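Please open the model in your viewer and keep the sequence panel beside it. The stops below go from the whole chain to single residues, each with a selection to make.

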Amino acid sequence: MTTLGRDGGDATGSDVVLVAIPGDAIADGLAMVSGLRGQITIDASNKFGERPTGFDSVAEQVKSLTGGPTAKAFNTNFAALYDKVDAETVPPGTMFASDPEARDTTEQLIRDAGFDPIHLGDLGQAALLEGLIALTRVLETGDLGPFFYRFNRPGEISAR
Ligand SMILES: NC(=O)c1ccc[n+]([C@@H]2O[C@H](COP(=O)([O-])OP(=O)(O)OC[C@H]3O[C@@H](n4cnc5c(N)ncnc54)[C@H](OP(=O)(O)O)[C@@H]3O)[C@@H](O)[C@H]2O)c1
């Protein structure tokens with residue numbers, strides 16, 4: 001894994017590119033990275049306030065800059081809890097939206113991180129995922145604190 005910071009770098013030849021920078025810094029941040037064209041890209045960024053000008057979502061802004069298959073994932077999970085995932089008795093969920101060509105790679109990474117992928121549909125659903133930041137914030141700053149979530153079919157979790 002190669003990590004690039006605000007000084008950018010070269011992403012040529014990546015299996016997948018994960019974008020996790022402040023939602024207001026997408027254009028400037030990605031302009032510092034070469035080799036992005038056509039790459040499978042997962043956008044985990046959140047943007048507070050208005051949507052990016054000219055786009056329904058940050059993920060669609062990212063796609064406009066990479067031109068490759070794009071997914072929105074991990075933006076509803078707390079980074080501070082990643083090292084606690086394996087201690088859960090059932091895998092927590094990660095909602096994601098993706099272009100069809102990015103779906104398998106994104107699902108694999110979600111599973112590799114210990115989460116259960118919950119596919120919402122194509123990248124048009126990224127706006128819905130990004131809109132959850134308001135709810136996430138309210139829950140986090142309330143009684144719950146940083147949290148896991150999951151959705152399951154009736155009967156999938158039997159222990160009480
Ligand atoms: N933290 C979480 O739990 C969490 C969960 C879900 C989604 N997210 C989203 O993921 C993104 C990153 O979150 P984070 O907590 O990791 O934030 P962060 O620590 O502020 O930023 C992470 C990365 O963004 C780069 N960066 C910061 N400001 C930049 C700028 N103005 N231009 C270009 N690059 C910049 C940083 O570069 P340097 O290394 O050079 O400083 C670093 O590589 C945000 O959109 C956040 O909403 C975070």
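Display the contacts of the chain between residues at least 6 apart in sequence, and 68% of them turn out to join residues at least 24 apart. The model is a predicted one, which is worth keeping in mind at each stop. With the chain still selected as a whole, its C-alpha atoms fill a box of roughly 50 × 30 × 25 Å along the principal axes. The radius of gyration is 16 Å, which agrees with the value near 15 Å that a compact globule of 160 residues would have. If you colour by burial, 29% of the 160 residues count as buried.

Switch next to a cartoon coloured by secondary structure, where the chain has 5 helices and 7 strands, arranged along the sequence in the pattern β-β-α-β-β-α-β-β-α-β-α-α.

Now select the largest nonpolar core, a set of 25 residues in which I42, A71, A73, F96 and A97 have the most contacts. At least two residues of this core come from each of β2 (17-19), α1 (26-31), α2 (58-66), β6 (93-98), α3 (100-112) and α4 (126-131). Centre the view on A71 and, leaving aside residues up to four places away in sequence, you will find that A71 touches I42, F96, A97, S98, D99, A102 and T106.

From there, move to α2, one of the suppliers of that core. How many of the residues of α2 are buried? The count is 7 of 9, so α2 is largely enclosed by the rest of the structure. To see them, select V58, A59, E60, Q61, V62, K63 and T66, and then show what covers these buried residues, including β2, α1, β4 (41-43), β5 (70-72) and α4. Stepping just past the end of α2, you come to G67, whose phi is positive, at about 75 degrees.

Select the ligand next, together with the 17 residues around it, among which G5, G29, S45, N46 and A79 come nearest. Coloured by residue class, this shell divides into 8 nonpolar, 7 polar and 2 charged residues.

For the last stop, go to the loop between β2 and α1 and pick out D24. Is D24 buried or partly exposed? D24 counts as partly exposed, because 15 C-beta neighbours lie inside 10 Å, whereas a buried residue would need 20 or more. Finally, draw a C-alpha to C-alpha distance from D24 to T53, which are 29 residues apart in sequence and 10 Å apart in space.

Key:
Residues numbered from 1 in each chain as written. Predicted model: local features only at pLDDT ≥ 70, side-chain atom pairs only at ≥ 80, totals over all residues. Core = buried A, V, L, I, M, F, W, Y, C linked by C-beta atoms within 7 Å. Buried ≥ 20, exposed ≤ 12 C-beta atoms within 10 Å, placed from the backbone. Helix = DSSP H or I, 4+ residues; strand = E, 2+ residues; numbered from the N terminus. Contact = placed C-beta atoms within 7 Å. Near = placed C-beta within 6 Å. Nonpolar A, V, L, I, M, F, W, Y, C, P; charged D, E, K, R; others polar. Rg over C-alpha atoms; globule rule 2.2 N^0.38 Å.
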